[in-house]
Amino acid sequence: MTPTPDDLAFASVTHVVRLVRDRQLSPVELLRIYLDRIERHDGALRAYITVLGDAALEAARRAEAAVMDGGPLGPLHGVPYAVKDQFATTGVRTTLGSRLLEHHVPSETATVVSRMQAAGGILLGKLNLTEFALGGTQQFPFGQPRNPWNLEHDPGGSSSGSGIAVAAGLCAASLGEDTGGSVRSPAAFCGVIGLRPTWSLVSRHGCFPLSWSMDTAGPVARTVEDTALLLGVIAGHDPADPTTSRRPVPDYRAGLDEGVRGLRIGVVRELTYGAETDVEVRSAVMTAAQRLEKLGARVDEVSLPLVTLAGAVFMALADSDGAGLHQHWLRTRPLDYDQGTRRRLLTAALIPAATYHQASRARALLRAQMHEALARHDVLVCPTAHQAAPPIAAGRAPITSRAQVAGRFFTRRSYVTPAALAGTPALAMPCGFTDAGLPISLQLIGRRFDERTVLRTARAYEADTDWSRRRPPLSPGVADVDSPRRPA
Amino acid sequence: MNELTERDVSTMAAAIGLPVAVDDLTEVTHRLNALFEALTPLADLPLDTVEPNPVLPDLDGGLAPRT
């Protein structure tokens with residue numbers, strides 16, 4: 001049966017690559033399908049800040065010619081992808097989701113984008129994000145990003161567009177950046193797969209920083225195999241980023257289907273059974289752990305008492321780094337920041353050095369606790385978020401108390417920041433839906449540089465369930481009435 | 001740490017040359033006090049002997065051949 005355009009839009013990257021190689025699908029045809037979907041749906045979703053229509057079409061034509069010529073083809077040949085507008089792209093504006101950089105056009109390209117292009121990928125556009133990848137943006141200058149499963153709900157951040165575009169079939173796959181959950185949170189809220197790789201596995205060159213010791217680029221995709229494929233493309237040493245590891249990059253797709261028999265999996269007690277975790281989320285994650293056990297894994301509980309402090313420790317560290325980075329603009333152009341960003345950075349600028357120092361020590365202690373748990377387990381599992389995507393309006397309510405700050409900022413970050421603080425890989429993947437139809441996400445955390453075991457576990461779960469195959473019920477032609485139009 | 005007042009926060013910010021506008025002051029004060037409160041349990045942890053290294057070196061990777 002001939003696949004419909006919608007089937008192709010939601011097809012896996014690996015399937016699309018096969019069709020292109022076999023001359024059953026033209027890269028130009030595929031690109032036009034995505035451009036058409038962007039035209040129909042992105043007025044409401046606001047996943048994109050910049051769509052590279054003409055340049056992408058030209059690249060697709062070249063990709064088509066290369067197929068017809070019979071020459072060597074890269075692993076992503078003809079695949080339209082998009083990247084968070086935090087990655088520099090030569091000649092294409094890179095806004096960071098901020099009015100401050102509305103007209104910023106870099107003269108270099110981030111290494112991860114160069115590698116995607118070298119693999120044959122076609123850059124379709126630059127994706128929306130919370131301002132400067134911080135989170136807490138109140139008014140998005142390039143349009144309010146919305147959750148494809150319910151437009152009134154938060155798509156997650158900071159790589160909001162990276163999650164939306166993949167979930168809504170507006171690109172084949174995307175790249176995001178994860179300092180403290182920024183790939184995994186949008187993946188979780190939008191019902192797709194997001195991987196935070198081990199810190200130093202992937203180059204940060206050309207990625208606007210937030211916190212140097214935690215910033216990590218990672219893929220967002222609809223299947224585990226696609227995630228593995230993209231990781232293989234972007235991983236590896238980069239002379240332009242001296243912190244990158246010199247380890248050889250393995251074939252992350254090899255052994256994906258080996259299953260979980262014999263693997264030791266620990267369910268993180270504090271994050272799964274804690275009072276802050278929503279009942280539906282807890283139930284879905286416990287059911288997922290039981291399925292992994294039925295598939296042959298040895299599953300038990302593990303306690304990581306310090307993870308409940310992780311959100312606050314992370315903010316003391318990452319926000320301080322951010323405040324240092326932004327101090328010039330905070331002094332000279334404070335009103336050009338979104339109100340939420342400005343208040344968060346101003347707060348961080350006042351954190352005493354002694355507090356930063358204590359938080360750094362607590363980070364090392366938490367990291368030791370996690371590594372100890374990972375010495376006894378191959379993978380740790382827990383929810384990616386304590387709840388499904390909240391309403392957008394909830395994040396816009398004015399802050400009038402300390403308790404509100406804790407609830408809105410520290411609690412939810414305690415689920416995603418432990419892996420960031422420890423530098424370990426962590427993957428978010430769908431594991432159910434709430435009664436209201438919003439995705440629930442399972443988080444798999446692995447040992448440093450052991451992405452293969454994380455991906456293998458995720459693949460076993462994916463193959464045993466159908467959560468990743470569901471598509472959001474999009475209504476075409478809905479315009480965004482709350483946000484300003486995207487500047488040309 | 002004692003709870004900071006809006007006046008405290010305003011003075012601290014002015015001292016580092018980063019004035020906080022009146023509209024922002026209440027929220028910044030709540031945010032700062034909330035952070036200090038959330039970090040209070042750190043005082044009970046055995047942190048004095050912990051080295052605050054932000055990242056661990058990749059020793060295995062350092063020995064791998066350059067590509």
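Modeller: Axes here are lines fitted to C-alpha atoms, for helices over the stretch in contact, with angles from 0 to 180 degrees between N-to-C directions. This is a predicted model: local features need pLDDT of at least 70, side-chain atom pairs 80 or more, while totals for chains, interfaces and linings use all residues. Residues count from 1 along each chain, chains are lettered from A, and ligands are numbered from 1, in written order.

Colleague: How do the axes of H11(A) and H2(B) lie to each other?

Modeller: Helix H11 of chain A spans residues 310-332, and helix H2 of chain B spans 22-39 (helices are DSSP runs of at least four residues, strands at least two). Their axes come within 9 Å and cross at roughly 125°. Under 35 degrees is roughly parallel, over 145 roughly antiparallel, 65 to 115 roughly perpendicular, the rest oblique. So H11(A) and H2(B) are oblique.

Colleague: Which residues of H2(B) make the contact with H11(A)?

Modeller: Contact needs C-beta atoms, placed from the backbone, within 7 Å. H11(A) brings Ala312(A), Met315(A) and Ala316(A). H2(B) answers with Leu35(B), Ala38(B) and Leu39(B).

Colleague: Which element gives the largest share of the side of chain B that touches chain A?

Modeller: In total, 37 residues of chain B are in contact with 37 of chain A. H1, H2 and H3 of chain B each give two or more residues to that side. The largest share, twelve residues, comes from H2(B).

Colleague: Is Thr50(A) buried or exposed?

Modeller: Thr50(A) sits in strand E1 of chain A, residues 48-51. Among the residues Thr50(A) touches are Val92(A) and Lys126(A). With 20 or more other C-beta atoms within 10 Å a residue is buried, with 12 or fewer exposed, and in between partly exposed. Thr50(A) has 21, so Thr50(A) is buried.

Conventions
Two residues are in contact if their C-beta atoms, placed from the backbone, lie within 7 Å. Lists of a residue's contacts leave out its neighbours within four places in sequence.
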